[in-house]
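Reader: Please take one part of this model and go through it closely. I would like a connected account rather than a list.

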Amino acid sequence: MGEPLRQPLEPRQVHAVSAKRKWSSAIWKHRKEYLAISPFYILFAVFGLFPILFSMYLSFQKWDGISEMTFNGINNYRFMLTDPEFWKAVRNTLLIWIYSTIPMLFSALVVAFLLNASFVKFRTFFRIGYFLPNVTSLVAVSIVFSTIFSNNYGLLNYIFSLFGLNPVEWLNHTWGIQLAVSFMVIWRWVGYNAVIYLAGLQSIPSVLYEAAKIDGASGVQSFFRITLPNLRPIILFTVITSTIGGMQIFTEPQVLVGNDGGANGGGLTIVLYLYREVFINNYFGYGSAVGWGMFVLIALFSIFNWKMVQGSGAK
Amino acid sequence: MTKTRNCILCLLIVMFMLSGCSVNSSTPNQKTLTLWYWNRGLDDKLIQAVQKQFPDVRINAQKIGGDFKSKLKTTLAAGSSGPDIVAFNDWVTELFPSADRFYNLYDLGAKELEPDYLDWKWQLGVTPEGKMIAMPIDTGPTALFYREDLFKQAGLPTDPEEVHKQMGTWEDYFKAGEKLNQAFGGKVKLTDNIGGIYTQVNAQSDSVYFDKNEEFIGETPASSMKKAWDLAVQASQKGLLANTNSFTSEWNAAMNNGKIASFVGAVWCKQILMDAAPDTAGKWRVARAPGGDGNNGGSFLAIMKTSKHPKEAFEVMKWLLNPDNQVTAFKDVNLFPSATKALDAPIMKEKEDFFGGQSTGDIFTESARGVKPAYFGTKYANLNGIVSRELQAVALGKNPETAWNAALKRVKKELLR
């Protein structure tokens, strides 16, 4: 607040009349600044805001994408809530999220801790190395993983055969598909989250550790008493971003097992389901409804995570 | 100073917004025709030759990569002016409800060309109301691809005609599969997957899910739906399937390693097979398919209503798809002809090394002539997806009865949407 505390109060009437003009004249006065920031807002309005609002409208329409739209009331939402395939997709997405996020964030923390440790040499090399998967093309990664987990001629089954184990038909089982997808997510995102954690670790003042050492705290104690509490906001950030990312998982299962989600639909995630309903089955209105259903799910989930991560440390 | 800065800023913004628009560089008398197709959907050399053939036309051919159908549909959905000429695949029926977004080719003079093309293929582009929205490019007649050496080892006939004689029906074909299982102890399977059999049985039929009034006929005896389902289930229960999804890397490996002795597929599988299984060159043969001739795939060209030059577009299309050029396209990019005259061309009789010197063109032209005209219905893909998913579950152990009922229930729900 840069304004002086004791500002002479204006009479209310004057205020109301001139409010609008003041507003527009303020904009006019700063027109250059507004012009300078306008590209973002114009692009956002065209490619962000409009599609969001339009999809809201579309979710109450019946539309095959080409012919006339017809009003469909809440039928799209009703169909969604009663479609077992939708719930299967929700279940699959949550399972894949759980399988991937927990090991991913845990190993990211470990990697960050190691990268931060003073005994590690060539730190920049490792940092780049761990981050590299994140900038690799997703489709290429999915194709590589599909050859690893392939049923009969996969790399993993080859390794199994070297040890005399029976091959596993990974992609013929729901859990196998979900495991493969989770592995892809973990492989891709550990480095990214580790770098974020590393930034967090480096911002913790070393005085705290030194003080703890003098008081006789062990390494484990200082990890749980100093590192974790100080990292909490950063952990919250990574949990929420991976929730949003995890709920929107699409390319990995699509390239791995195709539009139907593979054996028994084990890889059918919400976005894959949405994609199939819209672009294979031509239900544009219904797809929008699914998009909004997903929005609600992500919001609920993020709030839940927020409460959990925030609440558990409030001792 | 500030003024120039403002100007530069404005210019930048304007340029940024304009960069999406393309600038046409045609001479005033030339008419530009935009054409959308996919890689290998048409012969690129012929498209280039259009320029010479039609001096007053400038053709702007765009290869649309990725998911062609969704890109076309989103363009149509946006309502903006799309291309003049556009290619469709066998999902042409999905566009019948929007027939008024395309020119009726009968109005442009297509009627006189009709006798030159295979009738069943031509009819696929005509709506039940008699509007012709799409003109045939290529066809996908089906046949049985089989490994001669593996058939020989199992004591099965090896000559294409003998094979067809002994395996004229799907049931007989499965019997041969059991023989293969005995001979190889289950290491070599008759064919690839459960969905393949379902698809191919339906590809041979003239009625699957819908009649011309868009009524669901899947439960009537005329429909091949249940028959195809039962045959597919039978093949799975007899252990004749390798359970590898078509055209995946698994499939390629299984073909190259000789784990699959045969499959029924369209003519375009030839190229895929040659790329997938180079080690088996010379060992494959092609015979008429069990169960009869069928068609799987094949594309079309249409003219969008937004086109300003429908007459020129139609002339270009007519030329691109005439019998002579279909022969050229077959030579260049393996597009199997839809024009009857092109089927008689000497090139169709050429011997192929990959197939041990057999001229498979003979088999496929026979098959192409034997296909029955069928009507697919606008929701064909939706229904096929539902049934295929349930079949997949059967292959993995679901009770066939339960799966069939689940499929029918889901189909009925789908029809009400």
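Author: Two strands count as paired if DSSP finds at least two bridges between them. The model is a predicted one, and the part chosen here is a sheet in chain B. That sheet is open and has five strands, in the order 2-1-3-8-4, with mixed pairing. In general, strands of a sheet pair through backbone hydrogen bonds, either parallel or antiparallel.

The edges come next. Strand 2 of chain B, residues 57-63, and strand 4 of chain B, residues 135-136, are the edge strands, each of them pairing on one side only. For strand 4 of chain B the partner is strand 8 of chain B, residues 300-303; the two run antiparallel and are joined by two bridges. B:P136 has B:F300 as its bridge partner in strand 8 of chain B.

Helices also pack on this sheet. Helix 2 of chain B, residues 44-53, touches strand 1 (31-37) and strand 2 of chain B. The direction of helix 2 makes about 155° with that of strand 2 of chain B. Helix 3 of chain B, residues 68-78, packs on the sheet as well, touching strand 1 and strand 3 (85-88) of chain B. Between the directions of helix 3 and strand 1 of chain B the angle is about 135°. Strand 1 of chain B is thus touched by helix 2 and by helix 3.

To recap the edge at strand 4 of chain B: this strand pairs on one side only, and its two bridges go to strand 8 of chain B.

Definitions and conventions: Residues numbered from 1 in each chain as written. Chains lettered and ligands numbered in written order. Predicted model: local features only at pLDDT ≥ 70, side-chain atom pairs only at ≥ 80, totals over all residues. Heavy atoms only, no water. Helix = DSSP H or I, 4+ residues; strand = E, 2+ residues; numbered from the N terminus. Contact = heavy atoms within 4.5 Å. Axes fitted to C-alpha atoms, helices over the stretch in contact; angles between N-to-C directions.
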